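Colleague: Could you take a close look at the charged contacts in this assembly, and then follow the chains outward from there?

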Amino acid sequence: MSGSAEEVKKHIDVYMKVAGALAVGTVVTVLASFVEVGVALGIVIALIIALTKGSLVVAFFMHLLEERSRAIRWTLALTVVFWFVLMLVPLFTMMDHTGTPKTLPNANASESHAEEAH
Amino acid sequence: MENVTTAEHVEHEEHGHDEHELSFLQTYVFSQDHKVIGIQYAVTAMLFLLFGFSLMMLMRWQLAFPGAPIPIIGNLLGQANAPGGIMLPEFYNQLGAMHGTIMVFLGVVPLAVGGFGNYVLPLQIGAPDMAFPRLNMASYWSFFLGGVVMFASFFVPGGAANSGWTSYAPLSVIATEGQTWWLVGMLFLIASSLLGSVNFIVTTLQLRAPGLSFMRLPFFVWAQLVTSFLLLLAFPPLQAAGTLQLMDRVAGTSFFMPSGLVVADQALEISGGGNPLLWQHLFWFLAHPEVYVLILPAMGIVAEVIANNTRKPLWGYRALVASIIFLGFMSFVVWAHHMFLTGMGTTISAFFQTTTMIISIPSVVILSALFISLYGGSIRYTVPMLFALAFLPMFGIGGLTGLPLGLSAPDLHLHDTYYVIGHFHYVVAPGTIFALFAGIYYWYPKATGRVMNEVLGKIHFWGSIIAINFVFMPMFITGLAGVNRRLYDGGMTYAHGQEVMEWNAVMSYGAWALGFFQIFFIFNFFWSIRNGRQVNDNPWQSTTLEWQAPSPPPHGNFATPPEAYRGPYEYSVPGASSDFTMQGQASGADPEPARV
Amino acid sequence: MEIPYTVTARPDTGLNNVKLGIWLFLASEVMLFGGLFSSYVLLRVGAVEWPAGADFVNIPIGTFNTAVLIGSSVTMVLAYASLKLGDLAKFKTYMASTVLLAVLFLLVKSYEYYEKISHDHLPSHGTFLAIYWTMTALHGLHIIGGVAVNGYLWGPGSSMFHTKRDQFIGRVEAAGLYWHFVDLVWIFLFPVLYLL
Ligand code: HEM
Ligand SMILES: [Cu+2]
């Protein structure tokens, strides 16, 4: 963010709007979690909302939208690529496996589920 | 000239913050000067290299003469480790795991990046210091603490970590206390390299001298830049994994512990539900880029030394730069070639062996370009050049023997055998370590104003190159015969190992001979500080900016901030008055840059 | 000796050192939390059964804390804007709010931890709890770091406003970038651990 008092004031307007959007997003994501849509769709919806909120923070609060520096943009692009590669780890582990069964019983999850949920 | 330097120096000090005369502690211990920090890094790292190597010399006794008491030192190791001087298997495992850890994380990386990067990089780009001197100091001390923790772990009950440098779960989770220390040590080391890498990247991008555009950067700077990006982005997942393993050990979680695990006929009391493969993925997500962290700075050093001693520009500078960037990028997508035998299916194996074959291309380009650079040069066989020349075939052997390991079918046979140990040691020992020696001999005059003794240097070189091949070449033979790595008795009890067992003693004699020839280096290193031949600021008649600074450079480095007028390797330019034209020399001026 | 471009931007990169440095640091943080998220996904898809977050966590409290953290991000950016306008008093007010909101977040988090411990919901009792504790604790450490930095800039550090204003603004900007990032992580942690 650069420049004159005028510009800064304009920015403040934007910040308030973004704040509003983030508040709405938080409410929506909580409400959505109570709607029965199945696990898969639920995850997708929650992640879409989180991504939207996250992008708002990055774009406006962190001023990435105005960031002209190529060094920063390239670094972040690279990071995003490697981040996605990292996110493939579960896929590489679970998919296309020989030998041991894909899943081992998670003994405790079911146990604690039954016992400790009131 | 000298007077001007000091006057400038004092003036700068006064301009800056109200700095007083720096105390002894500030100058030499908690220094923020990149050169002092570089030397601190380098000396600490060399001590760790020596220590890690000594662990290996001990292990080699056990491998050569399984079950025989170790002469002299054996009794000093303590009853818990070596009763009657005979090494216990538990102790062997500690030595192996700590040899790997120390060599990689406390030796080579801190020397190549912390030492050479810190000392040389700011000078080569004409900067007064690193961008964040205080962070730089913090980085060193974090490294130091990590080293202390690692070292101290030998003295806790059960001794140091003993699950290999890879610390595979579940073994590492149920291992003795030393593993917890290992994890804590690693957290410090990772924090240190994070601070360092941010600093290197910012310094390189921001503090380049005027005129020093990216395509004029010395190749060493490129190598450090790419390395820093690897450290920046690959280490954090291991930080995460280390935290998870720490939780498994300390808080009793089961991130890496599957359900129904039985140890020594007893079901473990854990919640289960974790996945040991998760550790392997996160570990190798770091550790493959890490091997490039071990080799890229070495390539950078070798490139500098070769250009200087052939008196020729590097062949294919642009191709070198493109290759090293591509290499850095690809190193993030090959990691699972270390995991072909984990039950990985054919689809994923095919993917990773393809990326692995692709990544070998830029390595070959770099190696070829360096070889071709020799062609037609009037080579000066100085000590640094000997080490740099040896690097080429040694790294070549290491690289080529890696190809079968990257293909999943031959890896079925070779995985976890001594063949692997041979392969990567050719890369890191006669490869990287030799390059680091080249760098030490090459930049020593910059740091001290004196050159190291040439005769001792040559003895060191010839002794080392012969001995080291006796250590590592036979490993291919025993490995191909199927002898596993990490065996306490070197494979004695296995039928398939019988025919190759006599090589174990050969390798051990090689290792001890290698140790013997390092004495020449250690002596030379200290002796030359006072007694080496005194030389001028640019004894090798080199072109890059660091040789324009006084030797040793004062605080703030350059008397006047340098400018770059040309590429980094203008050797033997037709029509020039001498066979090298320094980067900081405006056209037509005389080669000794004017310092106003 | 002066290091160039600590305050002013280098013409060809358009950046000063601090700003580039903090972005690089954040890039590594992305990979750090990425490693944990990746682990979460793997453990979750590998599990035969996964408890609903609601069995262990309190959604209203979590929602409240999310709002608190977003609020602190807003006051942070307002603090920075006030500084740009040259208004130190306003900066101090907003910065104080940022710090207080962060402390509130930590208090609420501690209460949640206390609840868990008293119900014996310890990390060793299942993969969900394990990852919940690890991720929130690591995030909490980041909050504590942020409180320290922001508190410093609000208090003793702010005297720099009078002596080296541009450098001070640069520091606040960097602290802000970090703080928004910590908020950003929570924006993902909240649905992942509380709602899914
Ligand atoms: C130059 C002298 C060196 C010698 C004689 C040597 C020898 C050995 C031997 C024999 C092993 C196999 C031990 C076993 O499987 O039981 C080994 C393992 C290893 N070495 Fe070296 N090495 C040397 C230098 C280095 C260097 C410079 C590095 C790294 C930069 C290194 C990294 C490793 C690693 C990572 C392992 C694997 C440890 C494990 O199994 O967990 N070594 N070394
Ligand atoms: Cu690899």
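Modeller: At 5% relative accessibility, B:Arg208 counts as buried (under 20% relative accessible area; exposed is over 50% and partly exposed in between, for a 1.4 Å probe and protein chains only). This is a predicted model, in which local features need pLDDT of at least 70 and side-chain atom pairs pLDDT 80 or more, while totals for chains, interfaces and linings use all residues. Residues count from 1 along each chain as written, chains are lettered from A and ligands numbered from 1 in written order, and side-chain values use heavy atoms without hydrogens or water.

The side chain of B:Arg208 meets that of C:Asp12 in a salt bridge, 3.7 Å from N to O (a Lys or Arg side-chain nitrogen within 4 Å of an Asp or Glu carboxyl oxygen). This contact joins two chains, because C:Asp12 belongs to the segment before H1 of chain C, whereas B:Arg208 sits in the loop between helix H7 (178-206) and helix H8 (219-250) of chain B; helices are DSSP runs of H or I with at least four residues, strands E runs of at least two, numbered from the N terminus. The segment before helix H1 (17-46) of chain C also holds C:Thr6, which is partly exposed at 29% relative accessibility. Between the C-alpha atoms of C:Thr6 and C:Phe64, 58 residues apart along the chain, the separation is 39 Å.

Over all chains, the search of the whole structure finds ten salt bridges. Another of them lies within chain C, where the side chains of C:Glu173 and C:Lys19 meet at 3.4 Å, N to O. That pair links distant parts of the chain, with C:Glu173 in helix H6 (residues 165-195) of chain C and C:Lys19 in helix H1 of chain C, 154 residues apart, and both C:Glu173 and C:Lys19 are buried. The pair C:Lys109 and C:Glu112 is a further salt bridge, at 3.1 Å from N to O, and here about one helical turn separates the partners, because they are three residues apart in helix H3 (residues 88-118) of chain C. Both C:Lys109 and C:Glu112 are buried too. Salt bridges with shared partners bring A:Glu67, C:Lys19 and C:Glu173 together in one network.

Returning to chain B, the metal sites bring in further residues. The iron atom of ligand 1 has B:His99 (NE2) and B:His425 (NE2) as protein donors, at 1.9 to 2.1 Å (donors are N, O and S atoms within 2.8 Å of the metal, or 3.2 Å for Na, K and Ca; water is not among the atoms, so sites may look incomplete). The two histidines tie together parts that are 326 residues apart in sequence, because B:His99 is in helix H4 (residues 89-124) of chain B and B:His425 is in helix H14 (residues 418-448) of chain B. B:His99 is buried at a relative accessible area of 11%, and B:His425 counts as buried at 13% relative accessibility.

For the copper ion (ligand 2), the protein donors are B:His288 (ND1), B:His337 (NE2) and B:His338 (NE2), at 1.7 to 2.0 Å. Of these, B:His288 in helix H9 (residues 276-310) of chain B and B:His338 in the loop between helix H10 (317-330) and helix H11 (346-374) of chain B link distant parts of the chain, 50 residues apart. In sequence the copper donors follow the spacing H-x48-H-H. B:His288 counts as buried at 6% relative accessibility, whereas B:His338, at 22%, counts as partly exposed.
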